[in-house]
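Could you walk me through this protein in my viewer, stop by stop? I would like to know what to select next and what is there.

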Amino acid sequence: MAEPTPANWAAADRYLADTLVGHDPALEAVLAAQREAGLPESEVAPVAGKLLHLLARISGARRILEIGTLAGYSTIWLARALPEGGEVVTIEAEPHHAEIARANLERAGVAERVDIRVGGAIDVLPTLLPGFDLVFIDADKERNTAYLDWAARLGRPGTVIVLDNIGRAGEVADPASSDPKVIGTRAALDMLGTDARFEASALQTVGIKGWDGIAVAVLV
Ligand code: DHB
Ligand code: MG
């Protein structure tokens, strides 16, 4: 057995991605453009992007909401899962990120299925039409509970909610953490566990993005 080190987690993650996701020039171009533009490399891992894509397909999602576009990597995975006539609405607070994302979505051939809303999610969310089938939350962790509340308001019974970055290198289990991102994540997990609108679970992940995790919920 390999030693349980971050390098070995990453190697196993690359093996899984090579085996199950494969070489994807459109997505690799997104990451190159993201790096070139100096954006943070906080997109989901390839295996997680494909998992989002599969969740969208399994749930038959036609209208998908993403909070936090960055350069559009997960947006493309979600858009590719849509049936004819479906759409992704994705919210990005940074105009420069949205500009890079727009070019990436065009290059990937999904731009006509994606509506990028530039602005703070707290301002944009109240302007959206309800009825989303899947909501992916991957933005400023400090506002995670507000985003979950909006996901509940904009969804319907059966809507799937995915929340990124719930592990935070294990610090999520520390009630004394002073990291605002950990505090926001813990508040979100507490909400998922106690608010009767949600039924949820979460999985930790290790791999090329270190030690983190995702929560998955369904609206009751
Ligand atoms: C951070 C945000 C992310 O969405 C992510 O996937 C990893 C890290 C962050 O803000 O630290
Ligand atoms: Mg994330």
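Start by selecting residues 63-67 and 87-92, which are strands β1 and β2: they run parallel and are joined by 5 bridges. This is a predicted model, so keep that in mind as you look around. For a single matching pair, highlight leucine 65 and find valine 89 of β2 standing opposite.

Now add helix α4, residues 73-79, to your selection. Together, β1, α4 and β2 form a β-α-β unit, and the unit is right-handed.

Next, bring in residues 134-137. This is strand β4, which pairs with β1 through 4 bridges, again in the parallel sense. Here you can pick out isoleucine 64, whose bridge partner in β4 is leucine 134.

How many of the 5 residues of β1 are buried? Turn on the surface and look: 4 of them are, so the strand is largely enclosed by the rest of the structure.

**The metal stop**

Select ligand 2, a magnesium ion, and show the side chains of Asp138, Asp164 and Asn165. These are the ion's protein donors, at 2.0 to 2.1 Å from it, with Asn165 using its OD1 atom and the two aspartates an OD atom. Along the chain, the donors follow the spacing D-x25-D-N. Are aspartate 164 and asparagine 165 buried or exposed? Both are buried.

**The enclosed space**

Keep Asp164 highlighted, as this residue also helps to line the largest cavity. That cavity has a volume of about 50 Å³, and the structure holds 1 cavity of 30 Å³ or more. To see the space, add Val44, Ala48, Leu51, Leu52, Leu55, Phe136, Val162 and Ile214, which are also in the lining. Colour α3 (46-58) and you will see the element that gives the most to this lining, with 4 residues; β5 (160-164) supplies at least two. By class, the lining has 8 nonpolar residues, no polar ones and 1 charged one.

**The open pocket**

Your last stop is the second largest pocket, with a volume of about 360 Å³. Which of its 20 lining residues are closest to its centre? Select Glu28, Leu31, Pro46, Tyr73 and Ile208 to find them. The elements giving two or more residues to the lining are α1 (6-20), α2 (25-36) and α4. Of these, α2 gives the most, with 6 residues. Try colouring the lining by class: 9 residues are nonpolar, 2 are polar and 9 are charged.

Notes:
Residues numbered from 1 in each chain as written. Chains lettered and ligands numbered in written order. Predicted model: local features only at pLDDT ≥ 70, side-chain atom pairs only at ≥ 80, totals over all residues. Heavy atoms only, no water. Donors = N, O, S within 2.8 Å, 3.2 Å for Na, K, Ca; no water. Buried < 20%, exposed > 50% of the residue type's maximum accessible area, 1.4 Å probe, protein only. Pairing = 2+ DSSP bridges. Right-handed = clockwise from strand over helix to strand, strands pointing away. 1 Å grid on protein atoms, 1.4 Å probe; cavity = no way out; pocket = protein on both sides within 12 Å on 5 of 7 lines; lining within 4 Å. Points joined across faces, edges and corners; volume = space filled by probe spheres on them. Nonpolar A, V, L, I, M, F, W, Y, C, P; charged D, E, K, R; others polar.
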